[in-house]
Amino acid sequence: YSIPTKHGFNVIARGIIPIVGMPTGSGPVGLPDQYSGGTSGLAWGLSDIMAQAFFVPDTKGSLKFGFGPQVSLRTRTDEAVGGPGWGGGVGACVFGFAGPVSYGGIASQHWGQDNYTRTSLQPIVFYNTDLFGGSYIGYNNSIVYDWEASNDDAWLVPAGLTVGKTFILEGGFMIDVNAGAYYLAVGPGGQPDLQFKFGISVFLP
């Protein structure tokens with residue numbers, strides 16, 4: 001949601017409400033071992049909600065950038081799908097386009113409960129097509145470094161693709177629906193080798 005100001009910049013408010021399915025015994029990166037579970041199965045639930053605010057200066061041209069704070073809320077419904085818990089951090093973003101290619105990224109550093117501290121970089125590169133009335137294919141996932149993990153388990157690097165479509169509604173509303181499949185090219189021991197991501201984003205006018 002974009003909030004205009006009279007001071008030469010806009011404020012972009014972004015919320016992330018993650019619904020996570022995690023095999024028990026393989027807790028998320030940065031989650032202490034005591035929360036990882038010890039039985040086989042799949043835990044589903046709401047993880048910890050993240051809220052971000054980016055201050056984006058008014059600039060000419062297609063390239064836009066911003067920076068600002070972020071906070072996490074301890075909203076998990078199961079410890080197996082937990083994240084940072086109560087915490088905060090800083091983030092920055094940049095976005096642009098060149099012909100049918102849109103590109104950008106979000107970088108952040110976040111601190112949370114239980115010695116949770118990690119740096120993430122989310123590259124976003126999409127090729128936009130005319131299929132199905134307008135759709136896209138590309139990369140959209142987070143590369144993560146866990147500062148509390150050992151050197152062998154610190155990096156999480158997924159490789160794969162995302163496909164999606166944005167629906168333009170009346171009144172300036174938009175809804176983006178996407179799905180992706182990713183293989184963990186680099187990851188800590190005990191993590192699942194595959195990720196399947198489904199996302200719905202609502203853009204307010």
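## N-terminal segment and surface patch

Tyr1 lies in the segment that precedes strand 1 (2–4); strands are DSSP runs of E with at least two residues, numbered from the N terminus. The model is predicted: local features need pLDDT of at least 70 and side-chain atom pairs pLDDT 80 or more, while totals for chains, interfaces and linings use all residues. Residues are numbered from 1 along each chain as its sequence is written, and side-chain values use heavy atoms, without hydrogens or water.

Tyr1 has a relative accessible area of 45% and is therefore partly exposed, a class between buried (under 20%) and exposed (over 50%), with a 1.4 Å probe and protein chains only. A nonpolar surface patch of about 830 Å² of accessible area includes Tyr1, Ile3, Phe167 and Leu204. Patch residues have over 30% relative accessible area and no salt bridge (side-chain nitrogen of Lys or Arg within 4 Å of a carboxyl oxygen of Asp or Glu); nonpolar side chains are joined within 5 Å, like charges within 9 Å.

## Strand 5 and its partners

In strand 5 (residues 49–57), Met50, Gln52, Phe54 and Val56 point to one face and are buried. Ile49, Ala51, Ala53, Phe55 and Pro57 point to the other face and are not buried.

Strand 5 pairs antiparallel with strand 2 (residues 9–16) over eight bridges; pairing requires at least two DSSP bridges. Gln52 is the bridge partner of Arg14. Five bridges join strand 5 to the antiparallel strand 6 (residues 64–73), with Leu73 as bridge partner of Ile49.

## Confidence

Mean pLDDT (predictor's confidence per residue, 0 to 100) is 89 for the protein chain, and 92% of its residues reach 70 or more. Over residues 29–39 pLDDT stays under 50. Where pLDDT is low, the predicted coordinates should not be read in detail.

Notes:
Helix = DSSP H or I, 4+ residues; strand = E, 2+ residues; numbered from the N terminus. Contact = heavy atoms within 4.5 Å. Areas by Shrake-Rupley, 256 points an atom, 1.4 Å probe, with all protein chains shown as cover.
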